[in-house]
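I opened my notebook today to look up a few things in a protein model. Come along and keep the picture beside you as you read.

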Amino acid sequence: MESRLHARPDAGRDPPGRRRPPAAVSRTAGVVIVGGGVTGTSLAFHLASRGVRDVLLLERTALAAGGTGRSVGIIRQLYPTRETSQMVKRSLAVFQRFREAVGGDAGFVGCGALIGVAPGMRATLEATVATQRAVGIRAEILEPSDAARVEPRIDASGLGAVLWEPESGYGDPAAVATAYADAARRLGARIEQGVEVAATLTAGERVAGVATTRGERIAAPVVVDAAGLWAGAVARTAGVELPIVVGRHPVFVVERDAAFGRPHPVYLDLAGGAYVRPETGDLTLTGSLIDDEARHPMDPERLGDPVSLAEAEPALARTSRALPALARARWRGGWAGAFDITPDWMPILDESPVRGLWIAAGMSGHGFKLAPAVGEHLAALVTGAVPPVDPAPFRLARFGSAAASGTFATSYLG
Ligand SMILES: Cc1cc2nc3c(=O)[nH]c(=O)nc-3n(C[C@H](O)[C@H](O)[C@H](O)COP(=O)(O)OP(=O)(O)OC[C@H]3O[C@@H](n4cnc5c(N)ncnc54)[C@H](O)[C@@H]3O)c2cc1C
């Protein structure tokens, strides 16, 4: 069968005077994974663990060069649905024993996470926590006046309740991606950096492989688009439109003063719209939980751009209200991050209308903490096994023509 090449508009253009060699099939793979962030590397590991031979991961620059390397790395467990709760619980179990489960160091710090909600959100919180408990997640709803026994430095006045997740915390996303890639290699997968997929090859209604920007063609019966912020562009080369918006999420860094004392836990103030997570070097990473990223589209090539103090100031004011001792912290800079956002702020983990072309994208700001379960889930689907979590909420077809709604904060409580 003749294979068709769905090329990006600029994919075939060479500099004047240079001619590309004819695109003959130069090699083959069983599964090609596009993207070397936490999603692609976790999937490579899980496919190889299932005995899939000939897994080839292609990363256009370096492992963790995308959203993974710019992530805040928070692992909280408050999710509005049974399936996402199951996924985060499965993932946390991996982070807690990463060295045995995968190998290497995930940088996991189980400092616990506090989540403050407004009085009007308390009933929803109680219902959501019931779902969490049903899947075995440890979480305790505290009266605002009791939050001080966990962390006396947060200002809980005006809150309706504070959720305490003693097992949550944060990890190191770049380290996790690297560790998954190393583990996948040990199991026989090939991980290639500096190789950019220019187009997805199709034959009739099926995927046939990929073409790289070097003019190489790699034949493969299965291709997984795990290109994060670039997933829409990769899928488009196969004629598949993904309902994903790339939305800007800046991260601000401050340095705690000596009087602050021991590091704070992760704190997400859903009422006031701020989050904080400690970092080494007395640093705190902070940002906004009220700006709707979906309404701030960003060119993914601007990832990592510096941010100004002027931009940070409104967010830092909310941070200081949530944790007043941080009002004394020193501004240390920050960076422009971005989320790949779907209309319901939940991932797409599904086969596309092009048979054999799978999508593992639209992580909507959750992709680090879910990565172990996402890789496990996709590996099951791709190999025709039953995934551990019901796949229905992650199907591509669930959206119809819905436009983006809600915000990142609504992905906690619905
Ligand atoms: C600022 C910020 C804060 C975050 N905070 C949290 C958090 O606290 N907790 C949490 O759970 N999640 C968080 N996230 C989300 C999480 O980090 C991401 O969802 C996750 O890291 C995405 O991983 P990925 O592998 O899907 O995508 P990416 O990490 O973006 O990886 C995709 C890779 O594909 C490569 N690529 C793109 N196009 C091509 C191509 N054509 N050919 C080959 N390779 C290609 C890119 O170079 C990139 O390395 C945050 C994200 C950001 C940006």
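These are my entries, one topic at a time.

**Entry 1: the model itself**

I noted before anything else that this is a predicted model.

**Entry 2: two crossing helices**

I asked myself how helix α2 and helix α8 cross. I found α2 at residues 82-96 and α8 at residues 367-382, with axes that come within 7 Å and cross at roughly 100 degrees. An angle from 65 to 115 degrees counts as roughly perpendicular, so I wrote down α2 as roughly perpendicular to α8.

Next I looked up who makes the contact. On the α2 side I listed T84, M87, V88, R90, S91, V94 and F95. On the α8 side I listed F368, K369, L370, A371, P372, A373, V374, E376 and H377. Sorted by class, this contact has 10 nonpolar, three polar and three charged residues.

**Entry 3: aromatic pairs**

How many aromatic pairs does the structure hold? I wrote down six. A reminder to myself: two numbers describe a pair of aromatic rings, the distance of the centres and the angle of the planes.

One of the six pairs is F95 with F368, which is tilted, at 5.0 Å centre to centre with 40 degrees between the planes. I had already met both residues in the helix contact, F95 on α2 and F368 on α8. The pair links distant parts of the chain, as its two members are 273 residues apart. Are F95 and F368 buried or exposed? I found F95 buried, and F368 buried too.

Then I turned to F252 and W331. Their ring centres are 6.3 Å apart and their planes are at 45 degrees, so I wrote "tilted" here as well. F252 sits in strand β15 (residues 245-255) and W331 in strand β19 (residues 330-341), so this pair ties together parts that are 79 residues apart in sequence. I checked the accessibility of each partner. F252 has a relative accessible area of 2% and is buried, while W331 has 27% and is partly exposed.

Two more ring notes followed. F45, F98 and Y180 form one aromatic cluster. R76 lies over the face of Y79, at 4.2 Å from the ring centre.

**Entry 4: two buried alanines**

I stayed on strand β19, where I found A338. With a relative accessible area of 11%, A338 is buried. Which residues does A338 touch, leaving aside those up to four places away in sequence? My list reads L229, V246, G247, R248, H249, M298 and L303. I also looked up A338 against A271: they are 67 residues apart in sequence, and their C-alpha atoms are 22 Å apart in space.

My other alanine was A177, in helix α5 (residues 173-186). Its relative accessible area is 0%, so A177 is buried. Leaving aside residues up to four places away in sequence, A177 touches G36, G37, V38, T41, A64 and T68. From the C-alpha of A177 to that of V94 I noted 13 Å, with their positions 83 residues apart along the chain.

**Entry 5: a valine in a loop**

Where is V102? I found V102 in the loop between α3 (98-101) and β6 (113-117). Is V102 buried or exposed? At a relative accessible area of 8%, V102 is buried. V102 touches F45, V94, A179, Y180, A183 and R186, again not counting residues up to four places away in sequence. I was pleased to see F45 and Y180 there, as both belong to the aromatic cluster in Entry 3. V102 and D182 are 80 residues apart along the chain, with their C-alpha atoms 9.0 Å apart.

**Entry 6: loop residues with some exposure**

D54 lies in the loop between α1 (38-49) and β4 (55-59). Its phi is positive, about 70 degrees, although D54 is not a glycine. D54 is partly exposed, with a relative accessible area of 34%.

D282 also has a positive phi, near 60 degrees, and is a residue other than glycine. I placed D282 in the loop between β17 (274-279) and β18 (283-288). At 45% relative accessible area, D282 is partly exposed.

My last stop was A259, in the loop between β15 and β16 (266-269). A259 has 62% relative accessibility, so it counts as exposed. The C-alpha atoms of A259 and R328 are separated by 9.3 Å, though the two residues are 69 apart along the chain.

Key
Residues numbered from 1 in each chain as written. Predicted model: local features only at pLDDT ≥ 70, side-chain atom pairs only at ≥ 80, totals over all residues. Heavy atoms only, no water. Axes fitted to C-alpha atoms, helices over the stretch in contact; angles between N-to-C directions. Helix = DSSP H or I, 4+ residues; strand = E, 2+ residues; numbered from the N terminus. Parallel < 35°, antiparallel > 145°, perpendicular 65-115°, else oblique. Contact = heavy atoms within 4.5 Å. Nonpolar A, V, L, I, M, F, W, Y, C, P; charged D, E, K, R; others polar. Phe/Tyr/Trp six-rings, centres within 6.5 Å; stacked < 30°, edge-to-face > 60°. Buried < 20%, exposed > 50% of the residue type's maximum accessible area, 1.4 Å probe, protein only. Lys NZ or Arg CZ within 6 Å of the ring centre and 35° of its normal.
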